[in-house]
Structures are given as C-alpha cells and as structure tokens.
Amino acid sequence: WSPTDSITVAGEVKFPGEYRIRKGETLSDVIDRAGGFTDNASPESAVFTREAVAALEAERAAQFARDIQTTFATRLLTEETTTQGMAEISQIVASLQTVEGAGRLLIDLPAAMSGDVDADLEVEDGDRIVIPVLSNTVSVVGEVKRQGTHSFQGELTLDDYIDLSAGFTRRADDGGIYIVKANGSVVTLEKNLWRFTGDNRSLDPGDTIVVPINTQYKESLASWREITQIVYQSMVSVAAVAAL
C-alpha cells in the first residue's frame, strides 16, 4: 500500500476532491466516501480515465506510425503503386507519434453502485472520475440539414429527431447511422427497408445521433455524365461492328 496513491473525484458528488486509496478499493467505495451523488448527477454519463490506458493508446498510435513507415518503405522496393509521397507519409507519421491518449475507460457506474461486482472496478493511482450534470437533451450531428440539440422526449424515435433536424442531406449515409451514448459507448443501427429496426427505443437523455457522410456519394450530374459516356461508347462499338 502506498500512502500517496490517489484518485480524483470531480463533478456532481457531494464532496469532490482528491482521495487517497487503499489496495482493493473500488469505484463504489470512493463514490461513497465522496458522499454519493448530488440530485443533479448523471451517473450514466460518468467519464472515467486511467493513466495506464492513456499510455497504451499513445503506444498503439506510435506502433501504427511504425507500421505505416514499414509498409511505405516496402512498397518502394517492389512494383506496387502508391499515390502518397514521402512528405505526406512523414506528416502522418509525425502526427501519430505525438498523439496523447485520452485514457478513457468505459464504465457502468449505476451497475457498480448497485452492487455488480463485475462493473465495480478496482481503482488505481492517477485515476480520475467526473460525474456530469444530468442532461435532458439529444443531439443530432453530421449529415443533417440543421445540426442541433433537442429536448429529450421519451415518445420520440430516432426518425423523429432526424425530422426535427430538417432531414438528411444528399450526402448522408442513412444506413450507417449510430448513437453515441452518454457514457461514451456506441450503438449501431440496422435499417430494414425504410425504417430503423427496434433500436429507436435505445435513445436516452444525453445521447448523440451521428449521421455519417456517404463516401460513395456522387452528384447526379457526374453520374449522368458517366452513364452518357458508357451509352455513347456502346453505340460507337455497335456502329463499328455494323460497318464491317
């Protein structure tokens, strides 16, 4: 046991601050020592960060940078084609090598506080937990005509919130929509014909609906130009054959 080991508890607890921890102490133990939650707390949205996780994220980014360098060098020694130059690769590698991990670890704090042993993590030195204020909103971002935040209403579905944001843009990937939950986890959706299946009811206060961009999108004019070229080339080929 180290007398200097501590965890920071911030946000909507009755006594926020830095707490010394003993070996084997858990999240629920620390929250209880901090007096529990305030009336405005949102335990479901708790943000828990750990220094060891941040270091691991930074190391993975550095390893990815090394992999990119190795792959690019290998391509130069073979006959593989590459559209990236050395300057572009060096810039990407430099950015990855300076990445600082966020260190966020997804937790289920309500389950931990209710006695779920699997959810109740043992805390470590340098850990930090922030309990945000209860949010009663749902945000819609990405490829919608009016991005924004709306008041949460339990009877509204995902489609309703999309409609409140004026619907999709032409570049929207409406089949790739996902929800970022208040605790940071991600819920993907499946689309059945023209409606979203069963996951509409998974919306909770503090969630964010993300509508990604369709990377395969082409303007109608460009599509028609390609079709016209194909038809023209086909007609020229037919005419050439007929002339034989």
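Here are some questions and answers about this predicted model.

Me: Happy to start in the middle of the protein: how many residues does the largest nonpolar core have?
Reply: Those with the most contacts inside this core are Ile7, Val9, Ile107, Leu109, Ile129 and Ile131. The elements giving two or more residues to the core are β1 (6-11), α1 (27-33), α4 (109-113) and β4 (128-131). Counted in full, the largest nonpolar core has 20 residues.

Me: And how many residues are in the other core that lies apart from it?
Reply: Among the members of this other core are Val138, Leu156, Leu158 and Ile162. The core has 14 residues.

Me: Let's look at Ile131: which leucine does Ile131 touch, leaving out residues up to four places away in sequence?
Reply: Ile131 is one of the residues with the most contacts inside the largest core. Its partners include Ala10, Val13, Phe37, Ala41 and Pro43. The leucine that Ile131 touches is Leu109.

Me: On to the open sheet of five strands: which strands are at its edges?
Reply: The strands run in the order β6-β5-β11-β7-β8, with mixed pairing, and the twist averages 25° from one strand to the next. An edge strand pairs on one side only. That description fits β6 (148-151) and β8 (186-188).

Me: How do β7 and β8 run, parallel or antiparallel?
Reply: Strands of a sheet pair through backbone hydrogen bonds, and either direction is possible. Here three bridges join β7 (residues 178-180) to β8, and Tyr178 stands opposite Thr188 in β8. The two strands run antiparallel.

Me: Now for charges: how many salt bridges does a search of the whole structure find?
Reply: Side chains of opposite charge can pair when their charged atoms come close. One of the salt bridges joins Glu18 and Arg20, with the closest N and O atoms 3.2 Å apart. In addition, salt bridges that share partners join Arg50, Glu124 and Asp127 into one network. Over the whole structure, the search finds six.

Me: Is Glu18 buried or exposed?
Reply: Exposed means over 50% relative accessible area. Glu18 has a relative accessibility of 53%, whereas its partner Arg20 is partly exposed at 42%. Glu18 therefore counts as exposed.

Me: What about Glu25, is it buried or exposed?
Reply: Glu25 forms a salt bridge with Arg33, whose closest N and O atoms are 2.6 Å apart. Arg33 is partly exposed, with a relative accessible area of 35%. Because the relative accessible area of Glu25 is 4%, Glu25 is buried.

Me: How many residues apart are Asp204 and Lys181, a pair that links distant parts of the chain?
Reply: Their side chains meet in a salt bridge, 2.9 Å from N to O. Asp204 is in the loop between β10 (195-196) and β11 (208-211), while Lys181 is in the loop between β7 and β8. Asp204 counts as partly exposed at 36% relative accessibility, and Lys181 counts as buried at 14%. In sequence, the two are 23 residues apart.

Me: One last backbone detail: what is the phi of Ala166 near?
Reply: Most residues other than glycine have a negative phi. Ala166 sits in the loop between α5 (158-164) and β7 and counts as partly exposed, at 38% relative accessibility. Its phi is a positive value in a residue other than glycine, near 75°.

How values were computed: Residues are numbered from 1 along each chain as its sequence is written. This is a predicted model: local features need pLDDT of at least 70, side-chain atom pairs count only at pLDDT 80 or more; totals for chains, interfaces and linings use all residues. Side-chain values use heavy atoms; hydrogens and water are left out. A nonpolar core is a set of buried Ala, Val, Leu, Ile, Met, Phe, Trp, Tyr and Cys residues joined through side-chain atoms within 4.5 Å. Buried means under 20% relative accessible area, exposed over 50%, partly exposed in between (1.4 Å probe, protein chains only). Helices (H or I, at least four residues) and strands (E, at least two) are DSSP runs, numbered from the N terminus. Contact means heavy atoms within 4.5 Å. Two strands pair if DSSP finds at least two bridges between them. Axes are lines fitted to C-alpha atoms, for helices over the stretch in contact, and angles run from 0 to 180 degrees between N-to-C directions. A salt bridge is a side-chain nitrogen of Lys or Arg within 4 Å of a carboxyl oxygen of Asp or Glu.
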